[in-house]
Amino acid sequence: MNRRTALVGAAALVTGLTLAGCSSSDAAPELKVSGAFMPQPVGDMAAGFLVIENSGGAADRLTSVTSPLSDDVTIHETKNNVMRMVTSFDVPADGELNLERGGNHIMFMKLKQQPKQGEKVSVELHFEKADPIKVDLPVKETTYNPKKQ
């Protein structure tokens, strides 16, 4: 009986590994952006916020952001009220990356112009696996916060 149980267990393990191998090769990130906005800047810096939803079976990473608004666009995290630049953000499989006020965000330095409320700022999001995604950030009032609307 123990030998039979061991053989059944081994067969189940091999089948599971084979299936896992097949499914992981088919898995890919499927990214969609929502809730994008930029509060109207008051100086030569600005921030951008959005949500990247991943409905795919594989994780990805946001590695950089580019924009005609600035040659110096970086991604920042905020922990314990301290902001610091990071090289990437995880976009989990079947999950989301939320760039929001008081948390992780896009930072634009040395703006080439001052976008005004009602205008849009174009950005391109670059990922480790997925193709780049172009997004327009509507410029909102300086104090805009979608959670309080």
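Two strands are said to pair if DSSP finds at least two bridges between them. Strands (E, at least two residues) and helices (H or I, at least four) are DSSP runs, numbered from the N terminus. The legends below describe a predicted model, in which local features need pLDDT of at least 70, side-chain atom pairs count only at pLDDT 80 or more, and totals for chains, interfaces and linings use all residues. Residues are numbered from 1 along each chain as its sequence is written, and side-chain values use heavy atoms, with hydrogens and water left out.

**Figure 1. Overview of the chain, with one helix and ten strands.** Along the sequence the elements follow the pattern α-β-β-β-β-β-β-β-β-β-β. The mean pLDDT (the predictor's confidence in each residue, from 0 to 100) is 87, and 81% of the residues score at least 70. Over residues 6–25 the pLDDT is below 50, and this stretch has zero contacts in the model beyond near neighbours in sequence; contact means heavy atoms within 4.5 Å. Among contacts in the chain with a separation of 6 or more, 70% are between residues 24 or more positions apart. The chain has 149 residues, of which 36% count as buried. Buried means under 20% relative accessible area, exposed over 50%, and partly exposed in between (1.4 Å probe, protein chains only). About 9,100 Å² of the chain is exposed, with carbon and sulfur atoms supplying 53% of it. These areas come from the Shrake-Rupley method with a 1.4 Å probe, and for residues only the protein chains shown count as cover.

**Figure 2. Strand β10 and its pairing with β9 and β1.** Strand β9 (residues 120–127) pairs with β10 in the antiparallel sense over six bridges. In this pair, L125 has I133 of β10 as its bridge partner. The two strands form a hairpin, with five residues between them. Strand β1 (residues 31–39) runs parallel to β10 and is joined to it by two bridges. M38 stands opposite V139 in β10.

**Figure 3. The two faces of strand β10 (residues 133–140).** Side chains alternate along the strand. I133, V135, L137 and V139 point to one face and are buried, whereas K134, D136, P138 and K140 point to the other and are not.

**Figure 4. Surroundings of D136 in strand β10.** D136 counts as partly exposed, at 44% relative accessibility. Not counting residues up to four places away in sequence, D136 touches A36, K120, V121 and S122. S122 is 14 residues from D136 along the chain, and their C-alpha atoms are separated by 4.4 Å.

**Figure 5. The salt bridge between D71 and K112.** A salt bridge is a side-chain nitrogen of Lys or Arg within 4 Å of a carboxyl oxygen of Asp or Glu. Five are found in a search of the whole structure. In the pair shown, the closest N and O atoms are 3.0 Å apart. D71 lies in the loop between β3 (60–66) and β4 (72–79) and K112 in the loop between β8 (105–109) and β9, so the pair ties together parts that are 41 residues apart in sequence. D71 is exposed, with a relative accessible area of 70%.

**Figure 6. The salt-bridge network of E77, K79 and R84.** E77 meets R84 at 2.7 Å, N to O, and K79 with closest N and O atoms 4.0 Å apart. E77 is buried at 10% relative accessibility. R84 is partly exposed at 48%, and K79 is exposed at 53% relative accessible area.
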